[in-house]
Protein chains: 2
Amino acid sequence: MHRTRVRVVEDALDANNTIARANRDDFDRAGVTVINFMSAPGAGKTTLLERALPGLQGIRAGVLEGDVQGSLDADRLAGLHVPVTQLNTDNGFGGECHLDANMVRSALPELPLAELDLLVVENVGNLVCPAEFRIGEDARVMVSSVTEGEDKPLKYPLMFRACDLVLINKIDLLEHLDFDLDRFLYHLDAVHPGVPRMLLSARTGEGMEAWREWLVEAVSRTAAPA
Amino acid sequence: MHRTRVRVVEDALDANNTIARANRDDFDRAGVTVINFMSAPGAGKTTLLERALPGLQGIRAGVLEGDVQGSLDADRLAGLHVPVTQLNTDNGFGGECHLDANMVRSALPELPLAELDLLVVENVGNLVCPAEFRIGEDARVMVSSVTEGEDKPLKYPLMFRACDLVLINKIDLLEHLDFDLDRFLYHLDAVHPGVPRMLLSARTGEGMEAWREWLVEAVSRTAAPA
């Protein structure tokens with residue numbers, strides 16, 4: 001039975017990759033850089049977008065907001081005057097704990113791709129399954145909050161290994177926590193040696209300029225001429 | 001395609017419930033009270049067990065430690081001198097993001113049920129899927145850290161609704177956060193009116209006595225005579 005289950009999972013991932021490539025072709029044609037943005041629940045993804053997106057001079061950004069249900073984060077982001085599209089996994093997708101390429105594909109008709117340079121896909125808050133499903137993205141960024149503890153890279157290695165950038169958030173709380181940053185970085189390098197990382201506080205603004213610069217560079221690196 | 005997916009999910013949940021009932025019969029025969037312990041990654045489940053289990057006078061407690069991979073939490077708990085059994089979902093279960101009844105059943109031969117009054121099953125850190133799978137437990141307890149934000153009951157209603165007790169952890173950090181506790185409780189009552197809740201800090205010890213008392217009462221309420 002376990003072997004059957006593993007085979008079913010592998011077939012599902014093959015199908016996902018095929019659809020992810022089709023998404024990728026559509027994004028490339030439109031000249032849109034796509035970021036798959038992932039974290040555990042409550043690590044601060046939405047706040048980091050609220051802080052970063054308004055400061056991206058000359059870049060037309062949009063957000064695809066993934067949630068099991070509801071539109072709380074999309075409502076928060078609506079105030080930024082960037083296009084926000086809601087994608088709920090309990091709406092025909094069985095309440096899945098992650099986004100996959102097919103779900104993102106179902107949202108493409110709602111996305112104003114021709115008017116965007118950057119699309120951030122905010123995934124469902126989860127450190128396990130989102131890492132397994134490519135959606136056609138150019139880069140994967142994850143947020144790890146220092147309140148979650150130093151052991152997270154070792155406990156969720158697939159997620160930390162899948163990422164092109166790790167944002168270490170809520171560092172304003174470091175002085176109030178028993179969190180050993182060196183130990184976290186040591187664990188991070190054990191599972192993904194040398195992965196780019198930034199120390200951030202959405203609350204104090206520390207590190208936000210570097211995060212914006214990373215997004216600008218990602219767009220200039222990957223976007224095709226319109 | 002979506003309708004097929006929903007039907008597959010429903011069949012899987014039916015099969016899960018059948019196995020959960022078999023687990024439950026085994027736990028009842030052994031007179032063991034079983035707690036399904038759930039939270040997002042890094043909310044503090046393991047620390048709350050480290051603090052609570054040694055103080056349970058006269059109760060023989062054990063832990064079934066669920067992780068995708070590794071045994072970090074089991075290693076931490078080993079120092080408590082309670083039986084700890086590791087259950088990894090990437091070991092024949094496809095790296096699943098939750099425990100289900102079948103995984104727990106596979107671990108039963110390793111568990112010293114005859115020597116236990118209380119078994120705490122620490123689920124994989126995840127606010128979505130663990131809530132969907134009964135494992136044969138007597139009660140479900142979840143931990144929500146105040147660092148995760150006030151909106152979590154609204155974003156993950158199934159988890160908050162599935163629980164018999166909500167532990168609101170890390171309240172020592174409240175003064176350093178923009179977290180409105182009243183608003184969190186309002187959201188909690190919106191999705192699960194009147195669910196028992198406790199304010200805790202594993203760091204300062206606040207609320208730990210009430211948490212231990214709840215565990216003692218759960219054992220006296222549900223355990224059959226040996």
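This dialogue covers the interface of chain A and chain B, its salt bridges, and the largest cavity.

Q: What kind of model is this, and how are residues and chains labelled?
A: This is a predicted model, in which local features need pLDDT of at least 70 and side-chain atom pairs count only at pLDDT 80 or more, while totals for chains, interfaces and linings use all residues. Residues are numbered from 1 along each chain as its sequence is written, chains are lettered from A and ligands numbered from 1 in the order in which they are written, and side-chain values use heavy atoms, with hydrogens and water left out.

Q: How many residues of chain B are in contact with chain A?
A: Contact means heavy atoms within 4.5 Å, and 40 residues of chain B are in contact with 40 residues of chain A. Chain B and chain A bury about 3500 Å² between them, with 54% of it on carbon and sulfur atoms; buried area is the accessible area (1.4 Å probe) that two parts lose on being put together, summed over both.

Q: How many salt bridges does the rule find across the interface of chain B and chain A?
A: A salt bridge is a side-chain nitrogen of Lys or Arg within 4 Å of a carboxyl oxygen of Asp or Glu; the structure holds 31 over all chains, and the rule finds 6 across the interface of chain B and chain A. A:Arg203 forms one with B:Asp178, the closest N and O atoms being 3.0 Å apart, and A:Asp178 forms one with B:Arg203, where the closest N and O atoms are 3.0 Å apart.

Q: Where is empty space left, and which residues lie nearest the centre of the largest cavity?
A: Rolling a probe the size of a water molecule over the atoms shows where empty space is left. A cavity is a set of points, on a 1 Å grid over the protein atoms alone, where a 1.4 Å probe fits but cannot get out, and its lining residues have an atom within 4 Å of a point. The count comes to 1 cavity of 30 Å³ or more, and about 60 Å³ of space lies in the largest cavity. The largest cavity is lined by 15 residues, of which A:Pro41, A:Thr147, A:Glu148, B:Thr147 and B:Glu148 lie nearest its centre.

Notes
On a 1 Å grid over the protein atoms alone, a cavity is a set of points where a 1.4 Å probe fits but cannot get out, and a pocket is an open set with protein on both sides within 12 Å along at least five of seven lines; lining residues have an atom within 4 Å of a point. Grid points are joined across faces, edges and corners, and a volume is the space filled by probe spheres set on the points.
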